[in-house]
Amino acid sequence: MKDGNQIGVYICHCGTNIARTVDIQEVAGFARSLPGVAVVREYKYMCSDPGQALIKEDIKSERLTHVVVASCSPLMHEETFRGACEDAGLNRFLFQMSNIREQCSWVHHERSEATEKAKRLIAAAVRRVAQHRPLLRQEVPVRGEALVVGAGIAGIEAALRLADSGRHVYLVEKESSIGGHMARFDKTFPTLDCAACILTPKMVTVGQHPNITLLTLSAVEEVKGFVGNFHVKVHQHARYVTADCTGCGECEKVCPCVHPNDFDLLGSTRKAIYRSFPQAIPNAYVIEKRGVPMCEETCPIHTRTQGYVNLIAHGDFTGALKVIRDVNPFPASLGRVCHHPCEDRCQRGYHDESLAICALKRFVADREIELGLSPEPVRPEPNGRKVAVVGSGPAGLTGAYDLARKGYAITIFEKYGKPGGLMRTGIPPFRLPREILDREVAHVLAHGVELRLNTPLGESGVTIESLKEDGFDAILLALGTTKGRDLGIPGEHLVGVVNCLDYLREANLHDRAETGRRVAVVGGGNAAVDAARTALRHGAENVMILYRRTREEMPAIGAEIEAAKHEGVELHFLVNPVELRVGPSGRLNRVRCQKMRLGQPDEGGRRRPIPIDGEYVEFEIDQVILAISQLPDLDFLVKDKDFDLTKWATLRADPYTCETGKLGVFAAGDAVTGPSTVVEAMASGRQAATAVDLYLHGEDLDILRQESHRPQELPLMDHVRRPDLPRKPRARIPVNHGAGISFEEVERTFTREQAMEEAARCLVCGGCSDCRICSDACDREAIDHLMADTVHELDVGAIVVATGFEPYDVRKLPRYGYGRHDDVITALEFERMCHASGPTGGRITTKKGEAPKTVAILHCIGSRDESHLEYCSRVCCMYSLKFAHLVREHTGAEVYNFYIDIRAFGKGYEEFYKRLLREGVHFIRGKAAEVTAVAESPEEEGKLMVVAEDTLLGITRRVPAELVILSAGLAPRKDSSDVAHVFSLGCAQGGFFLEKHPKLAPVDTPTEGIFLAGACQGPKDIPDSVAQGSAAAAGALVLMDRGKVVLEPIRAVIREERCGGCKLCVASCPFGAVEYDAERSISRVVRELCHGCGTCAAGCPSGAATQENFEDTQILAEIEGALAV
Amino acid sequence: MAKPKVAFYWCASCGGCEEAVVDLAEGILPIVDAVEIVLWPVALDFKLEDVRGWKPGDVAVAFINGSVRSADHEMWVNLLREKCGLVVAFGSCAHLGGIPGLANCTTRDRILENKYLRAETVVNPQSILPQLQTRVDGHELELPELWNTVRRLDQVIDVDYYLPGCAPPPASIATAVQAILSGNLPPKGSVLAPEKSLCETCPRNRAKPEQFTIQQFRRIATSVPDPEKCFLAEGYACLGPATRGGCGERCIRGNMPCRGCFGPTPDALDQGTKFLAALGAVTAGQTQEEVATVAATLADPLGTLYRFSLPSSLLGRSVSDKGAER
Amino acid sequence: MISPGQKVYAYFPGCSLETTNKAYDSSTRNVAKVLGVEMVELADWNCCGATAYLSIDDGRAMVLSARNLALSEGQSRDLVTVCSGCYVVLHKANHRFQEDPQLRDRVREALKAGGMDYRGTVRVRHFLDVVVNDLGKEAIERHVVRRLEGLRVACYYGCQITRPYAEFDDAEFPESMDRLMGWLGATPVDFQLKTKCCSGMLMTTQQDVGLDAAGKLLREARRAGADCISTACPLCQVNLEAYQDKISDRAGADSHIPVLYFTQLLGTALGLGNRELALGDSLTRVEPMLAARLEAP
Amino acid sequence: MAQERFEPRLVGFLCRWCSYTGADLAGTSRIEYPANLATIRVMCTGRVDPTFVVKALVDGADGVLIAGCHPGDCHYGEGNYKAQRRYWLLMNLLLQFGIERERVRLEWISAAEGDRFARVVRELTETVRTLGPLRWKERVEVVA
């Protein structure tokens, strides 16, 4: 304690609040004995003017150096007394408060104990204050803008007040329209005036107010800074509809995607492009996009699958085909041969079976052919650049297709006499009829693409150099794989051993393939299966497939394997040819195979085959077709040192930019990637085409290296796995068994009906199917499917949080049968049912559409229930009364209210209750126990029974009801804890935000500059919410009009002369308010950024850092004092 | 005029402080010229009676090293305090309690037990423990009583100055002596060393990142520190941030983390808890489990945080005779 | 020998499974075998501390329960039972043990006398919970060899399996068993009395009340169109199957319906034979019903 | 004669935002609890220097409470996390000094948890009462 201290101690009786349990006299006597204490006074109410006068008086007359007041909590009156000191000319920080009410007299009943504790607390305060020193407060300016979060009635009110007083307001709303819950209500209690009539005008004003910036579909992500100077990040989700939207609704008409309407409820639906309700503000439509669905995600060429599927469901087959052709020139071909990864993770598959997407694609393509229509090529102005494409397989053709549609002049050079690459030479006609292939190749060529057949790369044809000389600005190599891989076993070069590719090419190109009687095909891929089936068609009596793994691991498409089996192909698994032998005739007649077993999976995930020692098996055959793997033929190309091979003997090209070693030469397809499927080759071709385009525009190809972020699996649609979604197996593709084993195509296409039904099974898990026909329907061109989310950075002086509530989820109380009985509905659903523009157009009805004769209204569902919401939700009684009235009014039905107590707490509420009693509504005092359809007597059969104990009669009652309304309580929003975290609010009652003081500061929060309004602070009715909205606005305006705030000097200070610059304070500061000065090897506190938590002061190992008014010496003194008694 | 008289004395000490004086090398010569060394047990013969014979104030200054832990030490330091004008606590032991101070994490009895009965190398069939009095062929022998609690010098007598370090670096000894001879002295009670922490002069401080997290503590016993990087940032409990500078960073340059021999900075009430507080900002962990796990990797916190200053810590000593173990 | 990855549990049969409800015991053990669930019977187990004793001296009852818990502690295995009575009592012991320090000391004192101790780390599980949540849809479906296609089942949970401790399902409207039946190919009917009282001990003390209570369940199950009732509690099973004649007479309405343990239905789907599932022990026409409804294995 | 019941002397460091407000709430809701604890208000548990705890124990406290916002709720983001790290480091240290871990307690008490605050004080009082007095200075003298 410093010498010459004159400490004044003031003890408050607080009426009897303190005096009752604390012996004031004794404490006062004790205080006098404390070192440095000059004056001790006690008074009934220290906080009263006379009380404060005492202090001011003494400060002057007794020349007090420090003041201690022992009374209530400092959170209550610290400011008051500090003010008093200041008025009397004593620095406000030479004051310390001792909390002997909240933390003493109110919590201890034993007088002696309370008195002793009061002594300790006062002793602590006296010792501490002796260490206090004068401090100056810092003033900072307050910004003039305000942020209001949540545009329900409370937020709207707050925003309007602020805006009307000339402040600029940012109003942030999570939904697509403002209005909150009130916008869904029909009438309001107790006056019964229509909610829309009083709300809509306010909403319109908000929409038009020059001082209000409305941010819908938005959420606050981050709040930095401090009172008067908040820096806020707001994330606005894309609306996909621009401000040009007039709300005409043409888009809605054409949109094929139907979703449950979560605004109107009651099983009503809306489109993917929608507007919550007619009076919505802003009155613009919005598109619900949940993200990229897996069908589109897994498609190598990213076809907008749900787009065409949903158009098919609505019979717009041409539109569907257009969606497909945006990325895919071969709908009919792919519709037949695609390995369709799109069907693997279809959300419908979680419910019953995934959609038959591939077959749907085939359907629309085939239909076009049937009707003899031909697609229109897209032919933009030629851009004067020439590109050579070598190879006319799927990769080459897709590359040509893309580039031609961008205006390039394309010439394709094809080695063989017909275009199509492996689509033609590899895939047999009974899978992909030639007229189909020709037609789709023709469509590519129709884009002004020139095709040169029988022109291989090499001396006999064209060379890279010759092409360059011919003026091609870029070259795209799509050479494919034409060589078969050898087995490397004895006898491989015997007559009768043929490579699969050569065999198929002969068969498919020239329809003449030498085929044996007993044929063994070695391999498990599609080529092997095709070869086997082809062999059957070329007269083989007996065809077997030898595969070293099992059916599980066969890479071939399942359906094809099945077809092969169906046609009589024998499958031998876990056998690996080791030798081909000649018979007495000297001709190939046996294949000797090692028996295998499966070992651990390899990196590819397929289980590795392992030889079983000494176990062999032999097969009688006269021809062997090797279909192990395929290689590109690059012998010519690699003579040029600019090109080289990978260790897999494929052509080396950059995996992102497709560049080869030679400038201007790009490569794609199987020649680069190794054997792949048609659609994968197309994707590769597209990638190269994109690169070529960038290259010819002189752009930096590195942008292709940026990993395009892969969106993760979408959250499951709510109704997936739910019984109310009927199970419907996928449509089966008709198979043409009549064809037998012929060259005629085996699989057939869907019928129109089949296709539309199948397509209708799509759940549209993407929300919007991205078919984009709405764009065509909108003549204002207000729809932008590629719109991106935006992040707004705002600087504001004050924040009003009005995020509202959500109704308690009544599914958590299954005893009331919600979700099981159609005619048990929630309060919100009933609001919509009554609403003129609701799903029933205002008709109160049962699910069957009949007007109910008896209606039960169950109060306190979830509320006042220890295992759900412990508190009373305040409004349920009143809205239940409102419901009762509306039911009587609309239907005249008998209404039973099951209640615990009626809480009619507001102006005109009790009167309303009386009125209802007069209207003949039945009130049963007793909370409903359950709603059951189990009849206990014949007359109960087929009725819903509400069971409850009538606590007035003391009997259990079973009341039949045709409609049961559950008056659910008001719960904090699910995301309230996140919101609390963003705004650093406290949470009480399981998620309602904590006000600064329950009585004296109901709209303030402990964080200065942040205010609360409406039901986010606790259950509230409309009048209260509105009142709070205004109050919060007023709170914010006070700050702004003052124009400056005073920052408490509790900031951290680092004493340079003692700082060794160890930087640990820098690490300990959560606000980056400590900076290290390397020059002088010391750390320094940036006052403006320091929030005054004191963590650095505690953590400074050399004690150089300290916190104003919370200095070590002060706290240590307080500790000593607290223990001195 | 006569040369000022100077006394050196050692209590519970390892002799390193004497070495430090010798380490002045030729630097000792001017001192020897300037002063008359009247007492220096390690170097000169002496008799207790002679010292008792001195007149108070006769001797200008006594440099006392070692911590105080026996009746004999107590007698000597009181004697010197009486006879000498100034008393300088010389070295960590006298200044803070030093390494012998670690005896405060167990009890005298346990120490004697370990030393005379349990230790592997001891052969003591009759389990004889040291006695205050013994008769050996007709002679009464006395042993001074060993205290249970080791004390630093100023917990026993009034001390004028503190010369920190284990041992004090020759340079600072020289300056100290110069100051005393020249008579321009700092205020009584001063520690003759800088007021800032070691980090200020630490050659590795520049390399120290502003943000880092310690996932687990490391010990030089079990891993070799990077010779460039900040020890603490690497997870070694280097007490530099909580320790006075002025030692010349001898340990650091030897790739050894600071162990705190210069003691706390003037504003730190307790070297150990202060350092521990600082660790709170840089150790990893959010959940109780994580945090407890990381904390557990700091082996022997008492020995690590108070290697030289246990008797000077707020708590002073352990009341559990298991304090030495963990 | 337990293969890695295989689930291991301590199995607590409880008294009734050794007497009146052997069928529940054998069906459980055999089902577990097929599902590759190792159920090691708790060595030297004793009375669970059952309800009756609780009402006399809960302290001592707790000691009984705690002894069982102590026995399985340290094996780091969940303690699994199929008897809802045992389940709820052992659970209660665990909860009380953790919440009530006095009781904890008293129990540990008592255990000490027997040279045992309990630290409160054992997790008590019902076999239904294990089947539905530890094994789950995929694992079960993989083992199904005889889908219960077309069989309509009223899943009856009784009062104790989710109350007062709703550990693995909703307290009032549990659905685990319904889901399980779905996986087996059966059709769970909307049986709204699934957790209503089977009359418990009243059947022996106040039989008329008991008969009415049980009767409600039987008739509602019939009304809902069930072929049978599936139970998860020995006492429920007895109350529902043993008095059907009496109940029918009393109510003047046919209240007969086959009643069997969920483990027996599960076992049937897993291809276990009537003997392994002790279907013969049933007091209702279980075998004929199954024979009529399902294709022969 | 019956010997007098030992009344522990406890010191509590409460963060101003959550726990101190919570303690006030206990008052406004009139929840009774033992009078053994004297509270000291800090802005954040991050301000609680282990030195304070030790100082309290040395100066005669038989037990200490540190109470702050629940994890994630800290008004300053992470002060309570730092407090928790210091706490565990300190616990290991105190153990070596022979001080029972139960004497020093770290609790998360929100501004809405008046009842919880009361319960914690009750429990701490009881625990320390069973442990008996710490009387650090005396004990250190005794063993000296």
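Biologist: What makes Cys194(A) and Cys197(A) a disulfide?

Modeller: In this predicted model, their sulfur atoms sit 2.0 Å apart. The cut-off is within 2.5 Å, so the pair counts as a disulfide. The link is right-handed, with 105° about the S-S bond. A search of the whole structure finds 1 disulfide over all chains.

Biologist: Why is Cys197(A) called exposed?

Modeller: Its relative accessible area is 52%. Exposed means over 50%, so Cys197(A) qualifies.

Biologist: How do you know that Cys233(C) is in no disulfide?

Modeller: The nearest cysteine sulfur belongs to Cys236(C) and is 3.6 Å away. A disulfide needs sulfur atoms within 2.5 Å, so Cys233(C) is left out. Cys233(C) is also buried, at 6% relative accessible area.

Biologist: And what about Cys155(C), how far away is the nearest cysteine sulfur?

Modeller: That sulfur, from Cys228(C), is 8.4 Å away, and Cys155(C) is in no disulfide. With a relative accessible area of 0%, Cys155(C) falls under the 20% limit and therefore counts as buried.

Biologist: On to charges. Why is the pairing of Arg119(C) and Glu73(C) called a salt bridge?

Modeller: The N to O distance is 3.8 Å. The limit is within 4 Å, so the pair passes. The pair links distant parts of the chain, 46 residues apart. Arg119(C) lies in the loop between helix 5 (101–113) and strand 4 (124–126) of chain C, while Glu73(C) is in the loop between helix 3 (58–72) and strand 3 (79–81) of chain C.

Biologist: Which of Arg119(C) and Glu73(C) is buried, and which is exposed?

Modeller: Arg119(C) is exposed at 57%, whereas Glu73(C) is buried at 10% relative accessibility.

Biologist: What makes Glu579(A) partly exposed?

Modeller: Its relative accessibility is 25%. Buried requires under 20% and exposed over 50%, so Glu579(A) lands in between. Its salt-bridge partner is Arg581(A), with the closest N and O atoms 3.2 Å apart. Arg581(A) is partly exposed too, at 24%.

Biologist: How many residues apart are Asp366(A) and Arg362(A) in helix 14 of chain A?

Modeller: They are 4 residues apart in that helix (residues 357–370), which means about one helical turn separates them. They form a salt bridge, with the closest N and O atoms at 3.0 Å, and both are buried.

Biologist: How many salt bridges are there over all chains?

Modeller: The structure holds 139. Between chain D and chain A the count is 3.

Biologist: How do you know that Asp1112(A) and Arg47(D) form a salt bridge?

Modeller: Their closest N and O atoms are 2.6 Å apart. That is within 4 Å, so the pair qualifies.

Biologist: Which elements of chain D give two or more residues to the side that touches chain A?

Modeller: They are strand 1 (10–15), helix 1 (19–28), strand 2 (37–42), helix 2 (50–58) and helix 3 (79–97) of chain D. Helix 1 gives the most, with 7 residues. The residues on that side of chain D divide into 24 nonpolar, 10 polar and 13 charged.

Biologist: How much area do chain D and chain A bury between them?

Modeller: About 4100 Å², 60% of it on carbon and sulfur atoms. Arg41(D), Arg47(D) and Tyr76(D) supply 17% of the area that chain D buries against chain A, more than any other three residues. The contact takes 47 residues from chain D and 48 residues from chain A.

Definitions and conventions:
Residues are numbered from 1 along each chain as its sequence is written. Chains are lettered from A and ligands numbered from 1 in the order in which they are written. This is a predicted model: local features need pLDDT of at least 70, side-chain atom pairs count only at pLDDT 80 or more; totals for chains, interfaces and linings use all residues. Side-chain values use heavy atoms; hydrogens and water are left out. Contact means heavy atoms within 4.5 Å. Buried area is the accessible area (1.4 Å probe) that two parts lose on being put together, summed over both. A salt bridge is a side-chain nitrogen of Lys or Arg within 4 Å of a carboxyl oxygen of Asp or Glu. Ala, Val, Leu, Ile, Met, Phe, Trp, Tyr, Cys and Pro count as nonpolar, Asp, Glu, Lys and Arg as charged, and the others, Gly among them, as polar. Buried means under 20% relative accessible area, exposed over 50%, partly exposed in between (1.4 Å probe, protein chains only).
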